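Biologist: Please pick one strand of this protein and go through it closely, with its partners and its side chains. After that, tell me how the rest of the chain looks in comparable detail.

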Amino acid sequence: MFKHLDKKIVKEIIFFTVFAAFLVAALIAIRERYVRPRAEAGKPHLSFGFVKEGDNLAVTVRVNPNGTQFAAFDIFFDYDQAKLQLIDGGNGWVERLFTSDLPLVTDKNGNVLRVGGTKTNENFSGTQNIDLFKVKFKLLATSGSVSFNWNSAKIKVSDKQVTLSQGTDNTYTITQAGGDAKIYFKAEKETPYHKNENLNLSLYLDTNNSSAKSLQFIFSYDPNILTFQVLGGSSLANDNIVFPSTLAGDGFDTSMNVRTIDETSHKVTVGLRADSPVKKNNIQLATVKFKIKNGITVPATLTFSPDADTIVYDGTGNDIIGSKPALNIGIEQDSPVNSPTPTTTTSPQATATPTVTTTPRPTNSPTPTITGTPVPTRTPTPTPIPSVTPTPSATPIPTPPSGRDNYTINIGDKDSLTINITGGEEKVPYIKFGVTLFGVENTPDIKVKLRVGDMVVKLTPAPNGGSDICNNPGWGEKLYSGIQMRADSSGVYRPIPESVFIYSGKEYHVSSDGWVPLIDISGGSTYSFAVKGPKHRNVLMTSTATLSTTDPKPASQNFDWSGNPLEPGDLPDSGNQDCVANTHDMSLIINRIRSTDGVDLGIADVDYNDIINAADISKVDHTLSTKPDDD
């Protein structure tokens, strides 16, 4: 009997241990933005997630596999056409949120939508919500609620169709945003600016009793009129977008920010978030350090307007912006400049003693022919002084000094200047290169770092025990930062022609045909090349390259590194990468799970699908489990 009782106790201990472990896992999963309804045991569970984006409603369909594994789904649901209008964008009306080599199957029949999909690389599995797809609607109703009704939903488990458990979390209550918040600009002065003057443009927020939880402030600038005050530093954005010391006191977390300057689209982005809702006016968010160019045509007018994607969220998915006024700034001359009055020289007049009587003034005398250096029109400097009679003679032309007919002035010897131009631009090797990103769904423009090492020099001991560091070249290395890249239709990124990059604190340009000049590299050695993406580990591409300067752009220096994709892992925490891919980077994703906030996406959306989810975690986990960081 006691033995039997012991076994029972042991079983209970095992059960409660397992249950406790499951409970811990469940508590961790609750960190997601939306509270997950309880799934029917052993059956996958479907649910909706809602995010209001201005006048639009983004609807995400999710599935919790609930311990099963499946690779395909087929879902039908309907919506209220009186309250919602389906937004059919240029890429269709549905956006896939998981990785697959196969497209979604979609269909519309009245108010019924059908979406089917297959995951080709692995099964859907686990016990957490997985985002399947997103559909956007325009809200036609301004109050009340909208509901989405499951029409039919099936998945395939072990080649058998299984009907999904469908929850009641299918209704969205239309909440009116505060609508009173104001986001705007301020210049440091109201008077006009001038050429070559610094223009410190501050960004402000008034919540006007609404609650602000996060924001992204985006606006364009005119590159023909404006440049930035700090050029050639390690980060154009960090050097020229400054957060005020008052920001933390106003409730925003300055350690969680996004600062970007896109020199291709000429846009500035500032992103911030708060731990608790902020209700306050006259909040200075940031100051952007512009400088007015010197060679512009004045007068001119600068106009700054918040972009359409400028959003202030209230923490529940609502945009609370009520007004986004523009700011006009005038640019004038440094001082009034009058049009020069043409000077008509009738005859040289001597103002020195003796005094010249100016009445009557000669009116018809021809202008003397001037050769050599022009004669001053008021006080002649050559000696001797012309003889001037107190009373003008009938002929108004003064008597020229002896030996200087027509006032020809001898200026003496004229030395010539010879400038020898030898060779033009210094010969440096150029390279082209193509790279890809691991596991991305979209391919926006990015910036990369290119690290070039002289393998011969690197074999010698570094002075003072020098070592490679994150944002600076190591021993025997050159570091080219901020190289702007654009992907082609096959997803291969290459340098953008005529774009700017930074080397040794100075700006240089990619050639018009996309070749990158390797400044301060003479060729004639063996070189290594490594590339680092904006959210990626440093990847060594080759260590056996040779470079030529005789032919600076040979075909042998057009490198295809697309087969060695840049893997995500070193995320830009507070705008900076620490050159280590580790669990800290994983935590940056977990803390933003389910977020579609622009600030969060700039940090942790490694697959560029505009939402942070389990797919981002899996891709960084793949990096951590397979390869160390090369930095």
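Modeller: In this predicted model, K553 lies over the face of Y430, at 5.0 Å from the ring centre. Y430 belongs to strand β26, which covers residues 430–434. Of the 5 residues in β26, 4 are buried, and the strand is mostly covered.

Strands of a sheet pair through backbone hydrogen bonds, and the pairing is either parallel or antiparallel. Strand β26 shows one pairing in the antiparallel sense, with β32 (residues 516–517), over 2 bridges. Here Y430, the residue whose ring has K553 over its face, has P517 as its bridge partner in β32. Strand β26 also runs parallel to β35 (residues 558–560), and 3 bridges join them. On that side, F433 has F559 as its bridge partner.

The chain after β35 is worth following. The loop between β35 and α4 (583–590) holds W561, whereas F529 lies in strand β33 (residues 526–532). The ring centres of F529 and W561 are 5.7 Å apart and the planes stand at 40°, so the pair counts as tilted. Tilted pairs are those between the stacked cut-off of 30 degrees and the edge-to-face cut-off of 60. Because F529 and W561 sit in these two places, the pair ties together parts that are 32 residues apart in sequence. Both F529 and W561 are buried. Further along, C579 is also in the loop between β35 and α4. Its relative accessible area is 6%, so C579 is buried. The backbone of C579 has a phi near 65°, a positive value in a residue other than glycine.

Now the rest of the chain. Aromatic pairs come to 30 in a search of the whole structure. One aromatic cluster is formed by F48, F70, F73, F77, Y79, F98, F124, F133, F137 and F148. A charged side chain is placed over one of these rings as well: R96 lies over the face of F98, at 5.9 Å from the ring centre.

The largest nonpolar core has 45 residues, of which F219, F252, L285 and F290 touch the most other members. Strand β21 (residues 283–292) gives the most to this core, with 6 residues. Leaving aside neighbours within four places in sequence, F219 is in contact with several residues, including F185, L201, L203, V268, V288, F290 and F304. H266 is another of the contacts of F219. H266 lies in the loop between β19 (252–262) and β20 (267–278). With a relative accessible area of 25%, H266 is partly exposed, and its phi is positive, at about 60°, although it is not a glycine.

The loop between β21 and β22 contains P299, and the peptide bond from V298 to P299 is cis, with omega near 0°. Strand β22 (300–304) is an edge strand of an open sheet, as is β14 (193–194); each pairs on one side only. The order of this sheet of 3 strands is β14-β25-β22, with mixed pairing. Strand β14 runs parallel to β25 (residues 327–332), and 2 bridges join them. In that pair, the bridge partner of Y193 is I331.

Next comes S211, found in the loop between β15 (198–206) and β16 (212–220). S211 has 22% relative accessibility and therefore counts as partly exposed, since buried means under 20%. Not counting residues up to four places away in sequence, S211 touches P277, V278, K279, Y313, D314 and I320. The C-alpha atom of S211 is 9.2 Å from that of V312, a residue 101 positions away along the chain.

Contacts between distant positions can also be put as a total. Of the contacts in the protein with a separation of 6 or more, 70% are between residues 24 or more positions apart. The secondary structure comes to 6 helices and 35 strands. Among the 631 residues, 41% are buried. The protein exposes about 33,100 Å², and carbon and sulfur atoms supply 51% of this area.

To return to the chosen strand: β26 has 4 of its 5 residues buried, pairs antiparallel with β32 and parallel with β35, and has K553 over the ring of Y430.

Technical notes
Residues numbered from 1 in each chain as written. Predicted model: local features only at pLDDT ≥ 70, side-chain atom pairs only at ≥ 80, totals over all residues. Heavy atoms only, no water. Buried < 20%, exposed > 50% of the residue type's maximum accessible area, 1.4 Å probe, protein only. Contact = heavy atoms within 4.5 Å. Core = buried A, V, L, I, M, F, W, Y, C linked by side-chain atoms within 4.5 Å. Pairing = 2+ DSSP bridges. Areas by Shrake-Rupley, 256 points an atom, 1.4 Å probe, with all protein chains shown as cover. Phe/Tyr/Trp six-rings, centres within 6.5 Å; stacked < 30°, edge-to-face > 60°. Lys NZ or Arg CZ within 6 Å of the ring centre and 35° of its normal.
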